[in-house]
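Thanks for asking me to look this over. Here are my notes, point by point.

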Amino acid sequence: MKNKFNILVVGLGYVGLPLAIELGKKYPVLGYDIDKNRIKKLSLYIDTNNEFNKNEIKKSKFLQFTHKLTNQFIQNIIIVTLPTPINKKKLPDLSNIKNFNLKLSPLLKKNDIVIYESTVFPGCTEEIFVPQLESKSTFKLNKGLNIGYSPERVNPGDKKMNIKNISKIISASNRKTLNVMHQVYQSILKAKVYKAKSIMIAEAAKVIENTQRDINISFINELAIIFDKMNIDTLEVLKMASTKWNFLNFLPGLVGGHCIGVDPYYLAYKSKKIGVQPNLILAGRKINDNMANYIIKKINFKIKSNNLNLKNLKILLCGITFKPNVSDIRNSKALDILAYYHPKVK
């Protein structure tokens with residue numbers, strides 16, 4: 001095998017594992033995760049997220065797994081795919097990456113490339129992550145330390161639009177690193193790899209992808225509330241509107257998961273930091289966040305109008321995950337409905 005790349009993929013969830021598997025078909029790859037049980041299962045070719053079967057994992061013949069992080073296991077390309085959630089105040093929670101950066105910093109070797117795939121706000125990589133990597137290292141940015149940012153576009157549960165078929169954005173702190181990233185990513189993708197002019201542009205492009213979807217869904221959710229009040233069938237309205245060639249057909253519903261309901265808060269956070277009030281972004285978030293409460297009110301109205309006693313009812317809730325064909329329940333709004341009618345469930 002003729003290549004000079006040894007790759008460490010950090011975080012083996014819905015983003016990291018698909019990437020590690022594809023890279024591991026061509027390069028020596030070490031998949032790292034702090035979850036010992038996750039590593040034990042993957043070493044037996046078992047994906048508890050049910051995204052990959054044993055044969056699919058076995059095809060990645062150069063892939064190994066570890067829960068340790070030492071000098072011995074630090075490769076010359078480190079790809080970080082750790083989650084970036086929000087806290088209870090709906091502010092960015094970067095603790096997963098910050099904690100890893102501090103562990104990685106003293107282990108870095110000269111000219112290592114650290115690539116972040118996690119969703120962040122514009123400026124985060126260079127303003128927060130780079131100083132952390134420099135803190136316990138003898139290297140500085142572009143002087144022994146090279147940084148890249150390539151936002152993930154994984155779509156869990158979608159067998160057609162998998163990692164190989166989704167276009168990729170890459171960015172880097174210098175041109176040489178950008179070219180290396182292009183070589184590595186393009187070698188495993190059928191789709192095109194696009195070079196962004198700066199890391200901040202790539203960060204911004206990612207965060208607006210999900211923010212745009214969130215706003216579009218919030219508009220349809222608000223329409224659903226309006227039309228329901230008017231006794232108009234929202235789905236029939238959308239069906240008719242969709243006969244126009246350029247109508248964007250979004251559907252009403254609960255917005256959960258680790259991205260669409262989270263990423264807008266990252267952009268809103270940065271927007272406030274620079275003195276711009278993100279009115280539309282937060283208005284969309286408010287509508288979508290309140291949809292579970294709206295559905296609960298609708299259910300309660302039906303119960304009351306039919307003279308039923310809630311204590312005597314058995315309620316069937318179909319669908320707990322944030323989308324079909326995934327096992328991920330992070331930020332699932334269905335859980336809010338479940339918790340209302342079954343308070344003991346957490």
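1. Helices α7 (residues 199–229) and α10 (residues 279–289) pack at about 55 degrees with their axes 8 Å apart, and are therefore oblique to each other. Oblique is what remains once angles under 35 degrees (roughly parallel), over 145 (roughly antiparallel) and 65 to 115 (roughly perpendicular) are set aside. Axes are lines fitted to C-alpha atoms over the stretch in contact, and angles run from 0 to 180 degrees between N-to-C directions. Helices are DSSP runs of H or I with at least four residues, strands runs of E with at least two, numbered from the N terminus.

2. Please keep in mind that this is a predicted model, where local features need pLDDT of at least 70, side-chain atom pairs count only at pLDDT 80 or more, and totals for chains, interfaces and linings use all residues. Residues are numbered from 1 along each chain as its sequence is written, and side-chain values use heavy atoms, leaving out hydrogens and water.

3. Helix α9 (residues 263–273) also packs on α10, at an angle of about 145 degrees with axes 10 Å apart. Contact (heavy atoms within 4.5 Å) is made by P264, Y265, L267, A268 and K272 of α9 with I281, L282, R285 and D289 of α10.

4. What about empty space inside? The second largest cavity, about 40 Å³ in volume, is lined by I77, I113, I115, V180, M181, V184 and Y185. Helix α6 gives the most to this lining, with four residues. A cavity is a set of points on a 1 Å grid over the protein atoms alone where a 1.4 Å probe fits but cannot get out, and lining residues have an atom within 4 Å of a point. Points are joined across faces, edges and corners, and a volume is the space filled by probe spheres set on them.

How values were computed:
On a 1 Å grid over the protein atoms alone, a cavity is a set of points where a 1.4 Å probe fits but cannot get out, and a pocket is an open set with protein on both sides within 12 Å along at least five of seven lines; lining residues have an atom within 4 Å of a point.
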